[in-house]
Amino acid sequence: MTDLVAVYAERVAKGLQADPAQQGVVERLDRLRRELHRKPGVLDRLARRRAAPEGVYVWGDVGRGKSMLVDLLMANRGGIAARRTHFQTFMRDLHHGLHSARQGGADDPVSAATDRLTGDLSLLVLDELEIGDITDAMIVGRVFRRVFDRGIAVVATSNRAPGDLYRDGLKRELFLPFVRLMEEHTEVLHLAGGRDYRRGGAVDGDLYRVDADMDASVLDPLWTAVAGSELSLRLPAARITVRQKGKMVRARFDALCRAPLAAMHYLELSDRCDALFLDGVPRLGPRDEDAARRFIMLIDTLYDRRKGLVVSAAAEPEAVYAGEAFIDTFQRTASRLHEMRQPDWPGRPLFR
């Protein structure tokens with residue numbers, strides 16, 4: 001069985017910058033992986049419950065390598081039955097399962113939907129755990145009580161410690177059981193350090209164009225260079241229409257972020273494209289908090305799915321947001337925008 005510490009050391013030898021805090025997380029993930037390999041079979045749920053190892057909750061500033069470390073675990077997990085997904089995708093799938101369970105007359109829709117979603121997993125890996133929706137906040141405690149009762153270990157990454165999640169949310173007292181569950185069933189590790197590894201290196205000036213005048217045509221030359229005829233693409237769930245050329249789509253910021261869209265709608269959009277051309281991202285102030293929240297969700301979705309992004313904006317990423325509600329969260333968004341404009345970004349759009 002491949003040693004995660006050895007794999008990490010090999011990557012360092014090939015150019016990854018050594019990071020003592022990352023090294024500590026790798027060692028803890030490797031211990032979890034070995035414990036999972038020693039678990040008894042999945043047929044006896046009581047045995048699974050007794051044998052379930054303590055999971056890992058990794059939190060820290062943006063760009064510290066959290067996603068890279070859990071991807072390292074997944075790529076070297078051996079025969080462990082595991083699923084790795086973005087937290088918002090997990091919650092979208094859960095809500096779909098709840099709807100089906102209620103339609104089917106399930107006595108306990110939450111348990112039914114959770115069981116269907118997690119199947120015979122031994123490990124559930126959730127990237128970018130963040131709670132911003134009261135509906136999610138009120139249900140996650142019951143969902144993860146079921147997950148842990150079924151003996152499934154959880155690895156989660158977040159920019160916040162468990163106790164800081166949903167800090168100013170409505171009816172937060174209904175969310176606190178989830179915090180206690182995570183603290184009880186995972187070892188909480190702070191990936192300390194201030195370096196953002198997403199920044200630095202060359203950037204492609206074509207992919208993020210700063211245009212203080214908000215000229216609607218600033219991306220036209222790049223869009224013209226995309227092969228194919230332009231069509232209209234209707235997104236039924238979102239109830240919006242965007243412009244399409246091949247596997248690239250184009251839309252205005254206002255159409256995607258000022259309309260009442262949710263994470264599931266951005267997932268629908270990302271399913272239909274390899275890259276998004278986004279026109280007219282403005283400076284977002286205190287009166288634009290709803291639009292800022294949707295913009296964060298949109299970028300998170302595209303980033304997690306490794307989609308390409310071409311942007312015209314009124315300011316550089318770190319200067320786009322000047323509101324109050326999402327000061328900490330938007331640091332992650334700015335960091336991701338920087339990474340997505342680098343030439344080696346896997347979803348980088350290709351022009352003629």
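Helices and strands are here runs assigned by DSSP, with at least four residues for a helix and at least two for a strand, and they are numbered from the N terminus. With that in hand, the account below describes a predicted model, beginning with its two sheets and ending with its largest pocket and its salt bridges.

**The parallel sheet**

Strands of a sheet pair through backbone hydrogen bonds, either parallel or antiparallel. In this model, an open sheet of 5 strands follows the order β2-β3-β4-β1-β5, and its pairing is parallel. The edges are taken by β2 and β5 (186-190), each of which has a single partner strand, so one side of each is left without a neighbour in the sheet. From one strand to the next, the twist of this sheet averages 10 degrees. At the β5 edge, strand β1 (residues 55-59) runs parallel to β5 and is joined to it by 5 bridges, and Gly55 has Thr186 in β5 as its bridge partner. Towards the other edge, helix α5 lies across β2 and β3 (123-127), and its direction is at about 105 degrees to β2.

**The mixed sheet**

A further open sheet has 6 strands in the order β6-β11-β10-β9-β8-β7, and here the pairing is mixed. Its edge strands are β6 (208-210) and β7 (231-235), each pairing on one side only, and the twist averages 25 degrees from one strand to the next. Helix α12 (residues 289-304) lies across β10 (275-281) and β11 (308-313) of this sheet, running at about 155 degrees to β10.

Within the mixed sheet, β7 and β8 pair in the antiparallel sense over 5 bridges, while strand β8 (residues 240-245) pairs with strand β9 (residues 248-252), also in the antiparallel sense, over 3 bridges. Each of these pairs forms a hairpin, and the two turns are set out below.

| Hairpin | Residues between the strands | Turn residue with positive phi | Phi |
|---|---|---|---|
| β7 and β8 | 4 residues | Arg239 | about 60 degrees |
| β8 and β9 | 2 residues | Gly246 | about 60 degrees |

Which residues does Arg243 of β8 face in the neighbouring strands? On the β7 side, Ser232 stands opposite Arg243, and on the β9 side, Arg243 stands opposite Arg250. Lys245 has a facing residue in β9 as well, namely Met248.

**The largest pocket**

The largest pocket holds about 1,100 Å³ of space. Of the 39 residues that line the pocket, Ile131, Gly132, Asp133, Arg293 and Phe326 are the closest to its centre. Two or more lining residues come from each of the elements α5 (87-103), α7 (134-149), α11 (263-271), α12 and α14 (327-340). By kind of residue, the lining of the largest pocket divides into 14 nonpolar, 9 polar and 16 charged. Two of the helices already met, α5 across β2 and β3 and α12 across β10 and β11, are thus among the elements that contribute to this lining.

**Salt bridges**

Side chains of opposite charge can pair when their charged atoms come close. The structure holds 31 salt bridges, and one of them joins the side chains of Asp304 and Arg84, with a distance of 3.3 Å from N to O. Asp304 belongs to helix α12 and Arg84 to strand β2 (residues 82-86), so this pair ties together parts that lie 220 residues apart in sequence.

Terms used: Residues are numbered from 1 along each chain as its sequence is written. This is a predicted model: local features need pLDDT of at least 70, side-chain atom pairs count only at pLDDT 80 or more; totals for chains, interfaces and linings use all residues. Side-chain values use heavy atoms; hydrogens and water are left out. Two strands pair if DSSP finds at least two bridges between them. Axes are lines fitted to C-alpha atoms, for helices over the stretch in contact, and angles run from 0 to 180 degrees between N-to-C directions. Contact means heavy atoms within 4.5 Å. On a 1 Å grid over the protein atoms alone, a cavity is a set of points where a 1.4 Å probe fits but cannot get out, and a pocket is an open set with protein on both sides within 12 Å along at least five of seven lines; lining residues have an atom within 4 Å of a point. Grid points are joined across faces, edges and corners, and a volume is the space filled by probe spheres set on the points. Ala, Val, Leu, Ile, Met, Phe, Trp, Tyr, Cys and Pro count as nonpolar, Asp, Glu, Lys and Arg as charged, and the others, Gly among them, as polar. A salt bridge is a side-chain nitrogen of Lys or Arg within 4 Å of a carboxyl oxygen of Asp or Glu.
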